[in-house]
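This report looks at a chain and its ligand, beginning with the place where the ligand is held and then turning to the fold and to local backbone features.

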Amino acid sequence: MGKSPGYHPAPGNFLVFTDIMTDQIEMAELHGQPVLKLQTPDGAVALISLFGAQLLSWTPAGGEDRLYLSPQAVFDGQTAIRGGVPVCFPQFASEGPLPKHGFARNQPWEAVNTRAGKDYAVATLRLTDTPASQALWPHPFAAELSIGIGGGRLDMELEVANTGPSSFAFTAALHTYLKVREVEALRIEGLRGLDYRDATRSDAVHKDTGVSLEIDDEVDRVYYGAPKGLLVREDHRALGIHQENFPDLVVWNPWEQKCAQLPDMPTDGFRRMLCIEAAAVRQPIELAPGADWWGRQTLVAL
Ligand code: TA6
């Protein structure tokens with residue numbers, strides 16, 4: 001018996017409020033893990049894992065899946081899933097003492113709300129502090145991730161509230177893995193003029209001066225300041241990327257050598273992906289008791 005009508009534990013002890021399901025939003029399974037499946041009448045589809053609130057697949061209306069999910073990703077309900085859109089919170093990468101990219105991507109989130117109409121579907125997932133999170137990071141918090149699809153557009157909005165009695169600071173990212181046909185054949189436009197910190201060159205800060213960025217080696221950069229808009233151009237298609245309230249942007253491709261060290265990526269996996277992440281890294285976000293913050297990343301298939 002559940003705590004309330006429509007409240008049922010899903011496989012793996014995930015909590016799902018089944019009364020928020022609609023004919024456009026339903027529970028499904030992917031590799032044995034519970035996922036929310038969002039659909040719109042125009043044919044857009046998204047799959048969101050309750051583990052990590054991780055968007056694993058997004059197919060815009062009339063298009064093909066635009067997110068990379070490694071064929072060797074591990075779906076054991078504990079290991080971070082390689083691909084889709086991991087939520088890095090409350091720490092980006094190794095910017096502090098927590099496990100890399102924080103703990104949110106390794107936690108079961110609750111599906112708490114859904115909305116759907118003739119041209120959109122939205123689901124909201126929620127994560128709050130637990131004794132385990134408190135042991136790592138002693139702060140009461142509530143994080144919500146809302147994922148909305150419709151037509152050629154995907155919106156992901158992360159909201160964080162401080163529900164405790166003292167201030168805290170965090171870094172975060174929506175670590176979006178784009179699926180690409182051949183990473184060496186694409187170009188990224190919109191970064192010109194921004195300073196970036198280059199992890200492949202001892203974190204030295206440089207200015208991007210190129211008309212476009214092409215990827216033909218390892219790239220691991222935190223751009224300081226969000227571009228007004230970003231375009232990832234491939235021969236046969238393009239993707240527009242916009243972010244709001246996330247002050248930084250990360251571009252990552254592990255290239256051959258680092259990719260070979262990732263047990264959950266095929267050796268040529270780096271050719272099929274490019275991470276473009278909406279992030280808050282350089283200046284941690286500070287939240288006073290009762291305060292909240294939100295940041296959004298939007299993808300538009302062109
Ligand atoms: O966002 C870029 C980055 O911090 C890289 O340095 C790279 O390590 C990547 O994230 C993936 O991290 P992960 O812990 O998922 O292997």
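A pocket is taken here as an open set of grid points with protein on both sides within 12 Å along at least five of seven lines, and a molecule sits in a pocket if more than half of its atoms lie within 2 Å of its grid points. In this predicted model, the ligand sits in the largest pocket.

The residues that surround the ligand are Arg82, Phe92, Ala93, Lys100, His101, Arg105, His175, Asp220, Val250, Trp252 and Glu277. Sorted by class, this shell is made up of four nonpolar, two polar and five charged residues. Among the surrounding residues, Lys100, His101 and Arg105 each place a polar side-chain atom at a short listed distance from an oxygen atom of the ligand, as the table sets out.

| Residue | Partner | Distance |
|---|---|---|
| Lys100, polar side-chain atom | oxygen atom of the ligand | 2.6 Å |
| His101, polar side-chain atom | oxygen atom of the ligand | 2.9 Å |
| Arg105, polar side-chain atom | oxygen atom of the ligand | 2.9 Å |

Taken alone, the ligand exposes 390 Å², and the protein buries 85% of that area.

Turning to the chain itself, its secondary structure comprises two helices and 23 strands. The chain has a radius of gyration of 19 Å, which agrees with the value near 19 Å that a compact globule of 302 residues would have. Along the principal axes, its C-alpha atoms fill a box of roughly 60 × 45 × 35 Å.

Two loops carry backbone features that deserve a separate note. In the loop between strand S7 (87-88) and strand S8 (110-117) lies Pro90, which is joined to Phe89 by a cis peptide bond with omega at about 0 degrees. In the loop between strand S5 (45-49) and strand S6 (54-59) lies Ala53, a residue that has a positive phi of about 50 degrees although it is not a glycine.

Terms used. Residues numbered from 1 in each chain as written. Predicted model: local features only at pLDDT ≥ 70, side-chain atom pairs only at ≥ 80, totals over all residues. Heavy atoms only, no water. Near = heavy atom within 4 Å. Polar contact = N/O pair within 3.5 Å; in protein donor to acceptor, adjacent residues only side chain to side chain. Areas by Shrake-Rupley, 256 points an atom, 1.4 Å probe, with all protein chains shown as cover. 1 Å grid on protein atoms, 1.4 Å probe; cavity = no way out; pocket = protein on both sides within 12 Å on 5 of 7 lines; lining within 4 Å. Nonpolar A, V, L, I, M, F, W, Y, C, P; charged D, E, K, R; others polar. Helix = DSSP H or I, 4+ residues; strand = E, 2+ residues; numbered from the N terminus. Rg over C-alpha atoms; globule rule 2.2 N^0.38 Å.
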